[in-house]
Amino acid sequence: MYLTKKALFNHLENELYCRLGASTTHGVGVFAFRSIPSGINPFKSWLDIKEIHYSVEELKALPPNTRELLNTFCYHSEGTVCVPVVGLNVVNISVYINHSKKPNLIMNKDGTFMSTRRIAPGEELFMDYDVSFDEEHYF
């Protein structure tokens, strides 16, 4: 999508809410740098976040370090690995959302996120991996 100077300024002024930071929960996390209202997607972006699904078998041809990177930063769903169409040299900060049983975000079926309540500046954003991915996670 073509982005004009005015549209980008509007995005920066009205739709930018999050930054990466050091998390006491798990290394790196996503934090609100300003108040996030309830019921919005705090990750609205001009970046195409579509994914291509690969089977684990298909990815066996890749070098081990690349497979490890995909295992760390890509979502896994029903025996497939969901790789962003933009590759992994572009950062989608939502991959750094940490797990909590008291989340302030939900992940919708289309992969977008929505805040479940107002999130204060400086607060870390969390999702419940067990609910979002329909399986239990242990850390």
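A residue is called buried when its relative accessible area is under 20%, exposed when that area is over 50%, and partly exposed in between (1.4 Å probe, protein chains only). The structure shown above is a predicted model, in which local features need pLDDT of at least 70 and side-chain atom pairs count only at pLDDT 80 or more, while totals for chains, interfaces and linings use all residues. Residues are numbered from 1 along each chain as its sequence is written, and side-chain values use heavy atoms, with hydrogens and water left out.

**Figure 1. The whole chain, from helix to strand and back to helix.** Let's begin with the overall layout. The protein contains four helices and nine strands; here helices (H or I, at least four residues) and strands (E, at least two) are DSSP runs, numbered from the N terminus. Following the sequence, you meet them in the order α-β-β-β-α-α-β-β-β-β-β-β-α. The C-alpha trace spans about 45 × 40 × 25 Å along its principal axes. A compact globule of 139 residues would have a radius of gyration near 14 Å, and the 16 Å of this protein agrees with that. The radius of gyration is taken over C-alpha atoms, and the globule rule is 2.2 Å times the number of residues to the power 0.38. Of the 139 residues, 26% are buried.

**Figure 2. Two phenylalanine rings, F43 and F113, meet edge-to-face.** A pair of aromatic rings is described by the distance of the centres and the angle of the planes. Rings of Phe, Tyr and Trp (its six-membered ring) count as a pair if their centres lie within 6.5 Å; planes under 30 degrees apart are stacked, over 60 edge-to-face, and the rest tilted. The structure has two aromatic pairs. In the pair shown here, the ring centres of F43 and F113 are 5.5 Å apart and the planes make an angle of 75°, so the pair is edge-to-face. Distant parts of the chain are linked by this pair: F43 belongs to the loop between β2 (27-32) and β3 (51-55), F113 belongs to strand β8 (residues 113-115), and 70 residues separate them. Are these two rings buried or exposed? F43 is buried, because its relative accessibility is 14%, and F113 is buried too, with a relative accessible area of 4%.

**Figure 3. The charged end of R34 sits over the ring of Y17.** Here an arginine meets an aromatic ring. The distance from the charged end of R34 to the centre of the Y17 ring is 4.6 Å. To count as sitting over a ring, NZ of Lys or CZ of Arg must be within 6 Å of the ring centre and within 35 degrees of the ring normal.

**Figure 4. K44 and E15 form a salt bridge.** Side chains of opposite charge can pair when their charged atoms come close. A salt bridge is a side-chain nitrogen of Lys or Arg within 4 Å of a carboxyl oxygen of Asp or Glu, and the structure has five of them. Between K44 and E15, the closest N and O atoms are 2.9 Å apart. K44 is in the loop between β2 and β3 and E15 in the loop between α1 (5-14) and β1 (18-23), so the salt bridge ties together parts that are 29 residues apart in sequence. K44 is partly exposed at 46% relative accessibility, whereas E15 is buried at 17%.

**Figure 5. K101, D128 and D130 belong to a network of salt bridges.** The closest N and O atoms of K101 and D128 are 2.9 Å apart. K101 lies in the loop between β6 (98-99) and β7 (105-107) and D128 in the loop between β9 (126-127) and α4 (129-133), so their pairing ties together parts that are 27 residues apart in sequence. The two partners differ in their surroundings: K101 is exposed, with a relative accessible area of 55%, but D128 is buried at 9%.

**Figure 6. Six residues build a nonpolar surface patch.** L47, I52, Y54, V85, V86 and V90 make up this patch of about 420 Å². Patches are made of residues with over 30% relative accessible area and no salt bridge; like charges are joined within 9 Å, nonpolar side chains (Val, Leu, Ile, Met, Phe, Trp, Tyr) within 5 Å. Accessible areas come from the Shrake-Rupley method with a 1.4 Å probe, and for residues, only the protein chains shown count as cover. One of the patch residues, L47, is found in the loop between β2 and β3.
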